[in-house]
Amino acid sequence: MIHRFNHLPGSPALFQDAPTLSIDVGGTAFAYRELGPRAGVPVILLNHLAAQLDNFDPRIVDGLAATRRVIAFDNRGIGASGGKTPSTISGMARDAIAFVRALGFEEVDLFGFSLGGFVAQEIVLTEPKLVRKLILAGTGPAGGQGIDKVTPLTIVDMIKGALTFRDPKYYLFFTRTPNGRRAANAFLQRLKERRNNRDKAVSLSAFGAQLKAIKAYGLQAPQDLSTIRIPTLVANGDQDRMVPSSNTYDLAGRIPGAHLVIYPDAGHGGVFQNYADFVPKALSFLEAEALPQGGHAAENVRLVSSRTATDILRK
């Protein structure tokens, strides 16, 4: 059964105005918001550590929703969703699959950012027929370099944020260059655009479960990503501190035919910093029947084929 919270009449034009919905998933209420045309394969958004519905970048959601049905949701135990947050990536993936099934979808596109990218990979590996296309941003593979170090890095920047009266994402997601600082401030302001009916904060217990899952994911054996046979777009900044950018190259090199976008002078939130370039690329990827291998570099962006990415990583 689907319920509406804070129903707004008509179809919202912006993510900041989208009503919060709820659907029963095996006896647990999952909160979500949706935007865009009802027709076509929906894009399911999977978000980062300690993120709830209000932490999805509205510029990316609104941009994608211009032509695509976009659904953002709180996984189990996050924000307004009920239940207890799993402490494994596989558990989070099972819950995400159950959510998609509860909505009645037989095929979806996935856009996973950071932790959401770990979950997205797990979904594709366990339920390959469910996913048509895959976008992975600011993320890496199981056992990837530095992923098991996310907890200490996050805690240090949370303390730095508390001491400087800044959101930790100011430090975690962006470079310390003038461009990075400007992008950080702009991004954090965008997250405040929704004034009413905001989501619940992520609880400490849910945050702890996510950190435990990330550490285990970083320590586990690598998965066989060559079995991912769907179109995949991989994106990141060239200076990601949370999930080191080498993991992005690794993903692109191990997923057959993957396309890679690397933004210079950008960190973990490279797609947020460069949303004006990223959204058209993502829409073109999602709407294309098939993409050719590789591509040409756009201004200020390196777009390379999976083979080139592998060569770069080896150097």
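A cavity here is a set of grid points where a 1.4 Å probe fits but cannot get out. The model examined is predicted. By this rule, it holds 4 cavities of 30 Å³ or more. The two described below are the largest and the second largest.

The largest cavity encloses about 180 Å³ of space. Its lining is made up of 17 residues, and those closest to the cavity centre are Leu46, Asn47, Asn75, Ile78 and Gln210. Two elements, β4 (43-46) and α3 (115-126), each give two or more residues to this lining. Of the elements, α3 contributes the most, with 3 residues.

The second largest cavity encloses about 110 Å³ of space. Its lining includes Leu45, Leu46 and Asn47, together with Asn55, Phe56, Asp57, Ile60 and Val61. Phe111, Phe113 and Phe272 also line the second largest cavity. Here the elements that supply two or more residues are β4, α1 (58-65) and β6 (108-113).

The table sets out the lining of each cavity by residue class.

| Cavity | Nonpolar | Polar | Charged |
|---|---|---|---|
| Largest cavity | 10 nonpolar residues | 6 polar residues | 1 charged residue |
| Second largest cavity | 8 nonpolar residues | 2 polar residues | 1 charged residue |

Strand β4 is among the elements that give two or more residues to the lining of the largest cavity, and β4 is also listed in that way for the second largest cavity. Leu46 and Asn47 are among the residues closest to the centre of the largest cavity, and Leu46 and Asn47 also line the second largest cavity.

Definitions and conventions:
Residues are numbered from 1 along each chain as its sequence is written. This is a predicted model: local features need pLDDT of at least 70, side-chain atom pairs count only at pLDDT 80 or more; totals for chains, interfaces and linings use all residues. Side-chain values use heavy atoms; hydrogens and water are left out. On a 1 Å grid over the protein atoms alone, a cavity is a set of points where a 1.4 Å probe fits but cannot get out, and a pocket is an open set with protein on both sides within 12 Å along at least five of seven lines; lining residues have an atom within 4 Å of a point. Grid points are joined across faces, edges and corners, and a volume is the space filled by probe spheres set on the points. Helices (H or I, at least four residues) and strands (E, at least two) are DSSP runs, numbered from the N terminus. Ala, Val, Leu, Ile, Met, Phe, Trp, Tyr, Cys and Pro count as nonpolar, Asp, Glu, Lys and Arg as charged, and the others, Gly among them, as polar.
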